[in-house]
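Reader: Please take one part of this structure and go through it closely. I would like its surroundings described piece by piece, with each term explained as it comes up.

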Amino acid sequence: MPLNIKDLAVAVRGVGPGERIPDRHAADHGNAAPEVEITGVPAGTAELALILHDPDAPLPHGFTHWVVYGIDPAAPAVAAPGPAGTVRQGPNSLGDKAYTGPQPPPGHGTHHYYFWVYALDTPVAGEPTREEFLSAYGDRVIEQNRLVGTYSA
């Protein structure tokens with residue numbers, strides 16, 4: 001899946017590109033899901049998806065912290081999951097359909113957290129894992145972009 005960027009952008013309140021994610025969003029300091037806003041949504045977008053992934057985690061596929069589907073392209077802010085047919089969460093690497101904040105192993109150094117946003121030409125069916133989503137919907141991405149924040153223990 002190529003990185004197709006035109007105007008699509010993702011912003012995370014309190015986190016600029018390459019900046020440290022505030023402690024309140026870390027797993028062991030409150031675990032509050034960050035406020036996310038998506039701008040520059042391209043025409044033809046049926047749905048937006050957001051995935052927060054840490055490729056630095058000492059696991060074969062990194063660690064997926066948050067998977068969100070059903071984001072309305074007309075009101076592209078990530079809010080709490082709602083009734084059926086609205087914003088919903090897929091499983092993270094713990095198997096939970098929830099946000100799990102950064103928590104790199106002690107002494108593991110700085111990790112990079114990728115807030116990926118995907119503009120899709122079709123709605124996502126169900127609540128797939130990150131890997132299932134990328135496999136099934138990679139060719140349905142109109143545009144994608146990311147913001148990378150950092151965190152260390």
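Author: Two strands pair if DSSP finds at least two bridges between them. Strands themselves (E, at least two residues) and helices (H or I, at least four) are DSSP runs, numbered from the N terminus. The model is a predicted one, in which local features need pLDDT of at least 70 and side-chain atom pairs count only at pLDDT 80 or more, while totals for chains, interfaces and linings use all residues. Residues are numbered from 1 along each chain as its sequence is written, and side-chain values use heavy atoms, with hydrogens and water left out.

The part chosen here is strand E3, residues 47-54. On one side, E3 is joined to strand E7 (residues 111-120) by 7 bridges, and the two run antiparallel. Within this pairing, His53 stands opposite Tyr114 of E7. E3 also pairs with strand E4 (residues 63-71), again in the antiparallel sense, over 6 bridges. Here Ile51 has Val67 of E4 opposite.

These pairings belong to an open sheet of 5 strands, in the order E6-E4-E3-E7-E8, with antiparallel pairing. Strand E6 (88-89) and E8 are the edges; each has a single partner strand, so one side of each lacks a neighbour in the sheet. E6 is paired with E4 by 2 bridges in the antiparallel sense, and Val68 stands opposite Gln89 in E6. Strands of a sheet pair through backbone hydrogen bonds, either parallel or antiparallel.

As for cover, 8 of the 8 residues of E3 are buried, where buried means under 20% relative accessible area, exposed over 50%, and partly exposed in between (1.4 Å probe, protein chains only). Both faces are covered: Glu47, Ala49, Ile51 and His53 are buried on one side, and Leu48, Leu50, Leu52 and Asp54 on the other.

A residue of the partner strand E4 is Thr64. Thr64 is buried because its relative accessible area is 3%. Leaving aside neighbours within four places in sequence, Thr64 is in contact (heavy atoms within 4.5 Å) with Ile51, Leu52 and His53, and also with Asn92, Ser93, Arg130 and Glu131.

Towards the E8 edge, Arg140 lies in the loop between helix H1 (130-137) and strand E8 (141-151). Arg140 counts as partly exposed because its relative accessible area is 32%. Beyond its neighbours within four places in sequence, Arg140 is in contact with Ala119, Leu120, Asp121 and Thr122. The C-alpha atoms of Arg140 and Asp121 are separated by 5.7 Å, although the two residues are 19 apart along the chain.
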